[in-house]
Amino acid sequence: MTNKFLAIALIFFATAFSPEFATAQTPSAWQPATGHTQIPVWPKGAPDAKPNPAAEADTTTSRDDLIAGKPLIRLGNVSNPTVTLYQPTTKPTGAAIVVFPGGGYHILAIDLEGTEVCDWLTASGIACIILKYRVPDSGPYPKSSAALQDAQRAVGLVRSHADEWRIDPHRIGVLGFSAGAHLAAALSTHYDQRLYDSVDTADNLSCRPDFAVIVYPGYLAIAEENMAPNAEIHPTEKTPPSFIVQAEDDPVHVENATVYFLALKNAKVPAELHI
């Protein structure tokens, strides 16, 4: 699967389906470059927040593998989630994608599967919003509901800012990698009921994505049950159209992608699978 092909597919999904900072509650180890709007997901603190004695930090060490010959940011100990807007750098299409970086619900690959993705999407006229969700031990749902709470709230927030951010509220999708791909699938099937008490009017808006891009997902097939579908991720006819892509030799078993694709097809949800 080439970057060019995936780029074309993402642009298709984003278009076919219909500068200032806000300070977070505590100092963050990661901030975007100047000129991007960043707001806290939870203005009064995350629900059911557990004390985290460790500060948010890049946990990458010299022993970690390089990706394409360079290190990546492995952001850990995130307790104050944010959404960060990257506006299109070419003619806007009106579409927007909320990106969920991966990291096994332990860390966030915030640049490799976050800022670099936004650079790519914004060059095609698509607004990109990175969700910095809580880690570690924030998923998968229902083991923990924290990351899914953050995702639900984030999509509602984006819709609430649609006019201000020049986004079509009916063309807001999600894109996730690995654990983030699981989070995108979880949101696609758990959008009808918030997992937290309402915070403000943003929570009155739908958090259903208009489309989903699922990239090498985890947790969608249960290895201990002969790769049976995860019963907590149950698509219905209202699940958003989805594009799934994975390498067959990915150590995150390819059955995660094939099982979810079949579940989508059985629910008559428009879906594409590329392996």
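The following exercises, with worked solutions, concern two cavities and one residue of a predicted model.

Local features need pLDDT of at least 70 and side-chain atom pairs count only at pLDDT 80 or more, whereas totals for chains, interfaces and linings use all residues. Residues are numbered from 1 along each chain as its sequence is written, and side-chain values use heavy atoms, with hydrogens and water left out.

**Exercise 1.** Determine which residues line the largest cavity and which helix gives the largest share.

Solution. A cavity is a set of points on a 1 Å grid over the protein atoms alone where a 1.4 Å probe fits but cannot get out; lining residues have an atom within 4 Å of a point. The lining consists of L220, P229, N230, I233, V259, Y260 and A263. Helix 6 (residues 255-266) contributes the largest share, 3 residues; helices are DSSP runs (H or I, at least four residues), numbered from the N terminus. The volume, the space filled by probe spheres set on the points, is about 40 Å³.

**Exercise 2.** State which helix gives the most to the lining of the second largest cavity.

Solution. Helix 3 (146-160) and helix 5 (179-189) each supply at least two lining residues. Of the helices, helix 5 gives the most, with 3 residues. The cavity holds about 30 Å³ of space.

**Exercise 3.** Establish whether D150 is buried or exposed, and identify its side-chain partner.

Solution. D150 lies in helix 3. Its relative accessibility is 0%, so D150 counts as buried (under 20% relative accessible area, 1.4 Å probe, protein chains only). The side chains of D150 and R134 are joined by a polar contact of 2.8 Å (a pair of N or O atoms within 3.5 Å, one able to donate a hydrogen and the other to accept it).

Technical notes: On a 1 Å grid over the protein atoms alone, a cavity is a set of points where a 1.4 Å probe fits but cannot get out, and a pocket is an open set with protein on both sides within 12 Å along at least five of seven lines; lining residues have an atom within 4 Å of a point. Buried means under 20% relative accessible area, exposed over 50%, partly exposed in between (1.4 Å probe, protein chains only).
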